[in-house]
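Here is a short tour of a structure, meant to be read with the model open beside you. Take a moment to turn it around before reading on.

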Amino acid sequence: MSVTYLEAIRAAQERALADDPRVFIYGQDVGVFGGAFKATKNLAAEFPGRVMDSPISEDAIVGMAIGAAVEGARPIVEMQFADFSTCGLNQIVNQAATLYYRTNIPCPIVVRLPSGGTVGGGPFHSQSMEAIYSHYPGLVVMTPATVEDAYSMLLEAVAIDDPVIFCEHKLLYYHLKADKLPDSAMPAGKARIARAGRDATLVTYSAMLHESLQAAEDLVEEGWQIEVIDLRTVKPLDTDTVLASVARTGRLLVVGEAWPWGGVSAEVIARVATEGFGLLDAAPVRLNAKDTPVPYHPDLWAAHRPTATAVAARLRQLLTQ
Amino acid sequence: MITAASDTAIAVESMDNPDIARRAFRTMQLSRAVEDKLASLYRAGMIKGGVFLGKGQEALSTASSIFLRKGDIFGPCIRDQAGRLAFGDTVLDTLRTYFGSAQGPMRGRDGNIHRGRPRDGYYAMISHLGSMVAMVGGALYARRQRGETGVVGVTSIGDGGTSTGAFHEGVNFAAVEKLPLVVVVANNQYAYSTPNNRQFACADLLDRAAGYGIAGHKTDGTDPRACLETLNRAVQAARDGHGPQMVVATLLRLVGHGEHDDAGYVDAGLRKANVGRDCLDVGARQLLEDGLATTGELAAWASEAQAEVEAALDIAQREKGPDPESEDWHALSTERLVDGYFDAEEE
């Protein structure tokens with residue numbers, strides 16, 4: 001018996017609906033159909049009237065969730081693909097993210113973003129949006145990389161009184177498996193050392209954790225021990241765990257699937273350069289997707305995003321500097 | 001603090017009660033008094049940022065919320081000073097928000113027309129037009145899900161705001177869900193400087209109601225009696241379960257977009273036409289015609305409104321603004337999820 005990343009997301013929503021009558025799910029095709037990825041499969045039947053199809057109106061989907069949250073509900077809204085959340089961007093960043101600061105009324109909504117690239121996804125079904133949402137004050141941005149985190153962090157997201165952008169990676173949906181759902185979890189906001197090492201710190205999150213772990217494994221034969229940190233939430237960013245690791249290793253590589261300009265990798269490096277300059281034995285480096293739209297053809301796509309091979313190559317450069 | 005919208009509104013919500021017209025007119029007078037004061041404070045340089053007034057729209061705005069009860073929801077727009085007061089906002093909180101007082105509902109964190117008390121059903125608009133439609137709709141959705149019936153939400157917008165995608169998405173969603181939402185469209189002929197003929201191509205904004213499959217109501221926004229009758233009907237229909245209602249009122253903004261704007265672009269012909277009437281003049285005439293007030297009463301009410309504004313100004317002006325030193329500078333309610341890095345960086 002095993003459970004996939006996607007099943008964990010479905011199970012978390014099922015449990016949230018069962019445990020809390022204030023929870024409801026709203027989004028395109030989430031009802032009887034069960035969602036484009038089946039993340040809400042059978043939930044409409046199990047919880048009548050609480051898992052509802054919406055029109056193709058991302059702005060209204062988020063706006064309605066905000067109003068419902070003010071009235072005490074705990075809405076989970078699904079953007080069919082993270083890319084389409086730009087059509088709801090205004091409600092997310094101007095209404096949800098500012099509500100507590102302006103009015104002292106919290107806004108407990110969860111916006112689920114099926115994120116990241118998959119084979120053949122192309123420019124508009126592949127994007128990683130975490131940097132955009134992290135830029136705005138007033139949002140929590142989660143980027144779970146494991147089945148366990150997909151489950152426990154989504155449950156925590158529903159319980160948090162503030163708006164949570166939940167970036168779940170589509171590439172992990174079906175192939176990433178765990179033996180069972182977790183009974184306990186690290187709280188959001190805390191990074192996890194996914195692999196201990198002494199020679200360099202590799203900070204990453206979401207699907208890039210798995211490319212990074214593979215790269216670290218590949219470098220063992222060459223005698224290198226890479227410490228891999230899974231950020232889990234990119235906002236808040238657990239700077240302390242990163243700095244403590246860099247203090248041990250003296251070298252830093254940050255890997256992200258998102259575009260390079262001004263993103264999570266840039267933020268991590270800025271903080272380490274500012275707070276831990278003296279800890280570094282080499283200039284900190286990053287590896288991101290290329291600065292173009294996400295391409296359609298599998299060969300282009302595989303070269304566009306960081307892979308284990310590319311991560312390993314970048315690590316070798318860093319380690320010999 | 002919501003007071004006027006609560007118990008008193010329940011008592012006088014019927015149009016059969018002649019007091020509704022008197023109360024509406026007094027609200028219009030109070031709104032005009034506070035806005036005239038805001039305009040002079042602006043000219044005197046005593047208000048930071050803009051001043052955005054609803055002069056000429058008081059009748060429609062008052063009618064928009066006067067039939068609401070405690071537990072209903074009101075999501076006003078830019079030119080709804082009168083409707084805000086009718087729903088229970090106060091002159092004091094109005095001035096506090098313009099001054100940025102720490103005692104005001106927005107505590108200096110937001111200003112002017114961006115004020116509300118969401119816990120009381122009084123939502124604080126953001127500047128992005130159309131955004132409040134889905135939000136008020138979502139609130140009604142949650143209330144219904146909780147088993148509450150008879151709740152109504154009113155939100156308002158101008159002719160220009162109807163061109164936004166958010167407006168379309170919000171109204172369409174409300175229509176699909178058959179929510180008890182009243183959308184009040186004040187067609188004041190100009191969106192800032194842009195005239196109707198550069199804003200939309202349908203013959204009448206009311207045509208849109210049919211497109212959404214919801215009820216539409218047309219009214220003369222310069223006529224307080226007509227506004228009250230129309231909004232009474234629309235709010236009641238929503239309350240009775242007949243789904244969203246769209247009210248389109250025709251009127252003219254009698255001021256600039258903000259006090260920085262002399263509105264020189266407004267067609268002089270419109271100012272002289274019926275649409276350019278001042279609804280306060282029309283309302284006063286109607287009360288006298290209907291024997292609902294005497295000239296002495298009208299004058300006394302105006303003095304009382306003036307006195308209320310002066311008293312509130314006296315308080316608001318003496319209140320302190322927020323203290324940047326004691327602000328926590330956190331945008332999340334969950335302390336443990338605040339990215340503490342930026343706090344530490346400043347230390």
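## Before we start

In this report, contact means that heavy atoms lie within 4.5 Å of each other. The model is predicted, so please read each distance and angle below as a computed value.

## A covered helix in chain B

Let's put that idea of contact to use on helix α5 of chain B, which spans residues 91-99. How many of its residues are buried? The count is 8 of 9, so the helix is mostly covered, with buried taken as under 20% relative accessible area. The buried residues are B:V91, B:L92, B:D93, B:T94, B:L95, B:R96, B:T97 and B:Y98.

What covers the buried residues of α5(B)? The cover includes three other helices of chain B, namely α2 (19-43), α4 (81-87) and α12 (295-318). Just after α5(B) comes B:G100, which has a positive phi of about 80 degrees.

## Two domains in chain A

Moving to chain A, you will find domain 1 at residues 3-178 and domain 2 at residues 192-319. Taken over C-alpha atoms, the centres of these two domains of chain A are 26 Å apart. Their contact involves 29 residues from domain 1 and 24 residues from domain 2.

## Nonpolar cores

The largest nonpolar core contains 103 residues, and A:L231 and A:V268 have the most contacts inside it. Both domains of chain A take part in this core: domain 1 (3-178) and domain 2 (192-319) each supply at least three residues. A second core, separate from the largest, has 43 residues, among them A:L6, A:A11, A:V164 and A:L176.

Which residues does A:L231 touch, once its neighbours within four places in sequence are set aside? The list is A:K190, A:A191, A:V203, A:T204, A:Y205, A:L237, A:V242, A:V264 and A:V268.

## An enclosed strand in chain A

A:V164, already named as part of the second core, also belongs to strand β7 of chain A, which covers residues 164-169. Why is this strand described as largely enclosed by the rest of the structure? Because 6 of its 6 residues are buried.

In a regular strand, side chains alternate between the two faces of the sheet. In β7(A), A:V164, A:F166 and A:E168 point one way, while A:I165, A:C167 and A:H169 point the other way, and all are buried.

Strand β7(A) also has partners to trace. Strand β5 of chain A (residues 110-115) runs parallel to β7(A) and is joined to it by 6 bridges. Strand β6 of chain A (residues 140-142) pairs with β7(A) in the parallel sense as well, over 3 bridges. A:V164 is a handy landmark here: it is the bridge partner of A:V110 and also that of A:V140.

## A strand and its partners in chain B

Strand β7 of chain B (residues 245-250) is mostly covered, with 5 of its 6 residues buried. Strand β3 of chain B (residues 181-187) runs parallel to β7(B), joined by 6 bridges, and B:V183 has B:M246 as its bridge partner. Strand β6 of chain B (residues 215-220) is likewise parallel to β7(B) and joined to it by 6 bridges; there, B:H217 stands opposite B:V247.

## Rings and charges

How many aromatic pairs are there over all chains? The count is 13. Ring pairs link A:Y5, A:F37, A:F81, A:F84, A:Y173 and A:Y174 into a cluster.

Two charged side chains are also worth a look. The charged end of A:K38 lies over the ring of A:F33, at 3.5 Å from the ring centre. Between chains, A:R271 places its charged end over the ring of B:F342, at 4.9 Å from the centre.

## Backbone spots to check

A few loops deserve a close look. The peptide bond from A:K235 to A:P236 is cis, with omega near 0 degrees, and A:P236 is in the loop between β12 (233-235) and α8 (239-249) of chain A. A:N42 is not a glycine, yet has a positive phi of about 65 degrees; this residue is in the loop between β2 (23-27) and α2 (43-46) of chain A.

In chain B, B:A263 has a positive phi near 55 degrees, again in a residue other than glycine. B:A263 is in the loop between β7 and α10 (268-272). Is B:A263 buried or exposed? With a relative accessible area of 4%, B:A263 is buried.

Technical notes. Residues numbered from 1 in each chain as written. Chains lettered and ligands numbered in written order. Predicted model: local features only at pLDDT ≥ 70, side-chain atom pairs only at ≥ 80, totals over all residues. Heavy atoms only, no water. Phe/Tyr/Trp six-rings, centres within 6.5 Å; stacked < 30°, edge-to-face > 60°. Lys NZ or Arg CZ within 6 Å of the ring centre and 35° of its normal. Core = buried A, V, L, I, M, F, W, Y, C linked by side-chain atoms within 4.5 Å. Buried < 20%, exposed > 50% of the residue type's maximum accessible area, 1.4 Å probe, protein only. Domains from an automatic or database assignment. Helix = DSSP H or I, 4+ residues; strand = E, 2+ residues; numbered from the N terminus. Pairing = 2+ DSSP bridges.
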